[in-house]
Amino acid sequence: METSPVHEDASSSESPAISSTTLEVGEVRLSVDTKVETTIYNVHTFISSSIKPHATSSDPCWNAMRRVLQTEVSGFSLDDFCFIQKLGSGDIGSVYLVELKGNKGCLFAAKVMDKEELVSRSKEGRARTEREILEMLDHPFLPTLYTTLDTDKWSLLLTEFCPGGDLHVLRQRLPEKRFDEAAVRFYTSQVVVALEYLHMMGIIYRDLKPENVLVRSDGHIMLTDFDLSLKCDDSTVMPKLVQESSPKLNHSNDQSSNNSPPYNSLSLCILPNCIVPHVSCWYAKHRRRRRRGVSAQRPMKLVAEPIEARSMSFVGTHEYLAPEIVSGEGHGNAVDWWTLGIFMYELLYGVTPFRGLDNEFTLSNIVARAFEFPKEPMVPTMAKDLITQLLVKDPTMRMGSMTGATTIKQHPFFDGVNWALLRCTTPPHIPQKFNSTRDFVSSYDDDYVDYY
């Protein structure tokens, strides 16, 4: 399935032509015009001063880069990296597989952006936002930014390379072009905690889709591509404590129930203004008194969701756009939970629910048409219920819009998920062992796959 991203500006031109200054990729060095060769190594570099918690001290990439910095006082330059192969293209740049010279197997994904193109297309702000976001992130299911390079011509972001490709490619290779329930639960649970972290940091992702969920060598996921993300003010994230209660399924068979209020698994709120006023706090206290010394106090959860954030930008991928984006009424954090519902639907069924004959039909379906689940293939009730709660067209009534991932994680679809030990969960698919750069290049030269 091909997806077409839409952006806040009217232009829809292709990604910057990185080859305009002769960028040769292969077992040869990066080639540049002789007129700029004397200035292209005037590079500003950034590298984390300390190892991030999820990048262990045994990470060969961190260690190799530190050894280089010990010998090169001026920092990194493009000459320190070998550009091996183009992995894919985006709206504001292209991604290349690069290797740190003299350190075999020390591979990175380098997003290369043409500064002149960014200026001519008014994309400097988006490039700057992506860099700022990557510098903030420190999470096992989000990218590690190893370093940045700035030359007179190029701006580069070096992050982790994921040899497993993306979930769109992985799904296409399956016999039925779709994942089973266990695999969907595995990938979705990791996406949920990644979005939870982003929202707590005041970041609305806005571009969740299988193409942007990469598979690391250990089979776990990493979200990528943050140039469409919204970076909110700190004031938009208001932390609060809530108490949990058991979620309920939506048993209604009426298709119109897709737009009905979802259940709230955080019904016993300890705040003065309870988010679910129809729940009796007195009743909860009465039941606690009857338990004769056994505390019925439910666990409290910290919720930090940027519910006050608003944007009028028209950004995302057509089939994943939330109704409030299409209608132009302004959107906030709830768009990420809508896209989570579309994401789950596509993994389970192999298609998106509102796809039309063209983009215009797709947008009309998103706003006006109530989706229906096909009879085939058979999908578990729990998964269908969660999707239904996420694909509520009214963002104020959508699951997660007020309490974020805390509500979603309590849904019965995730029963049995140990959220604290997600990194220890056995993946449904582990990529083949990555042996050498040459093996990788020869494997994909004749069958190009757009990984990023």
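**Entry 1. Arg185**

A polar contact is a pair of N or O atoms within 3.5 Å; within protein, one atom must be able to donate a hydrogen and the other to accept it, and neighbours in sequence count only if both atoms belong to side chains. With this in mind I looked up Arg185 in the model, which is a predicted one, where local features need pLDDT of at least 70, side-chain atom pairs need pLDDT 80 or more, and totals for chains, interfaces and linings use all residues. Residues are numbered from 1 along each chain as its sequence is written, and side-chain values use heavy atoms, without hydrogens or water.

I found Arg185 in helix H6, which covers residues 181-200. Helices (H or I, at least four residues) and strands (E, at least two) are DSSP runs, numbered from the N terminus. Which backbone oxygen does the side chain of Arg185 reach? It is that of Phe413, at a distance of 2.7 Å. I then listed what Arg185 touches (heavy atoms within 4.5 Å). Leaving aside residues up to four places away in sequence, I noted Phe413, Phe414 and Val417. Phe413 therefore enters my notes twice, as a residue that Arg185 touches and as the owner of the oxygen that the side chain of Arg185 reaches.

**Entry 2. The chain as a whole**

I recorded 13 helices and 15 strands in the protein chain. The chain has 452 residues, and 55% of them are buried. Here buried means under 20% relative accessible area, exposed over 50%, and partly exposed in between (1.4 Å probe, protein chains only). I also looked up how far apart in sequence the contacting residues stand. Of the contacts with a separation of 6 or more, 72% join residues 24 or more positions apart.

**Entry 3. Cysteines**

How many disulfides does a search of the whole structure find? I recorded 0 (a disulfide being a pair of cysteine sulfur atoms within 2.5 Å). I looked up the surroundings of two cysteines. Cys162 is buried because its relative accessibility is 2%. Cys424 has a relative accessible area of 61%, so I entered Cys424 as exposed.

**Entry 4. Helices H9 and H11**

I turned to helix H9 (residues 334-349) and helix H11 (residues 381-390), whose axes come within 8 Å and cross at roughly 145 degrees. The axes are lines fitted to C-alpha atoms over the stretch in contact, and angles run from 0 to 180 degrees between N-to-C directions. On the H9 side I listed Trp337, Trp338, Leu340, Gly341, Met344, Tyr345, Leu348 and Tyr349. On the H11 side they meet Ala383, Lys384, Leu386, Ile387 and Leu390.

Is H11 mostly covered or mostly open? I noted that H11 is mostly covered, with 7 of its 10 residues buried. These are Ala383, Asp385, Leu386, Ile387, Thr388, Gln389 and Leu390. H9 is part of what covers them, and so is helix H12 (405-408).

I then looked at the loop between helix H10 (359-368) and H11, where Pro377 is found. A cis peptide bond joins Glu376 to Pro377, with omega at about 0 degrees.

**Entry 5. Positive phi angles**

I looked up two residues other than glycine that have a positive phi. For Ser122 the value is near 55 degrees. Ser122 sits in the loop between helix H3 (115-120) and H4, and at 59% relative accessibility it counts as exposed. For Lys177 phi is about 60 degrees. Lys177 belongs to the loop between helix H5 (167-172) and H6, and its relative accessibility of 38% is why I entered it as partly exposed.

**Entry 6. Three pairs of residues**

I closed with residues that are apart in sequence, taking distances from C-alpha to C-alpha.

Gln85 lies in strand E3 (residues 81-89) and is buried at 10% relative accessibility. Gln85 and Tyr96 are 11 residues apart in sequence and 5.6 Å apart in space.

Asp138 is in the loop between helix H4 (124-136) and strand E6 (147-150); at 27% relative accessibility it is partly exposed. Its partner in my list is Tyr197, 59 residues away in sequence and 9.2 Å away in space.

Where is Phe161 placed? I found Phe161 in the loop between strand E7 (154-159) and H5. Its relative accessible area is 12%, so Phe161 is buried. The C-alpha atoms of Phe161 and Pro143 are separated by 9.2 Å, and the two residues stand 18 residues apart along the chain.
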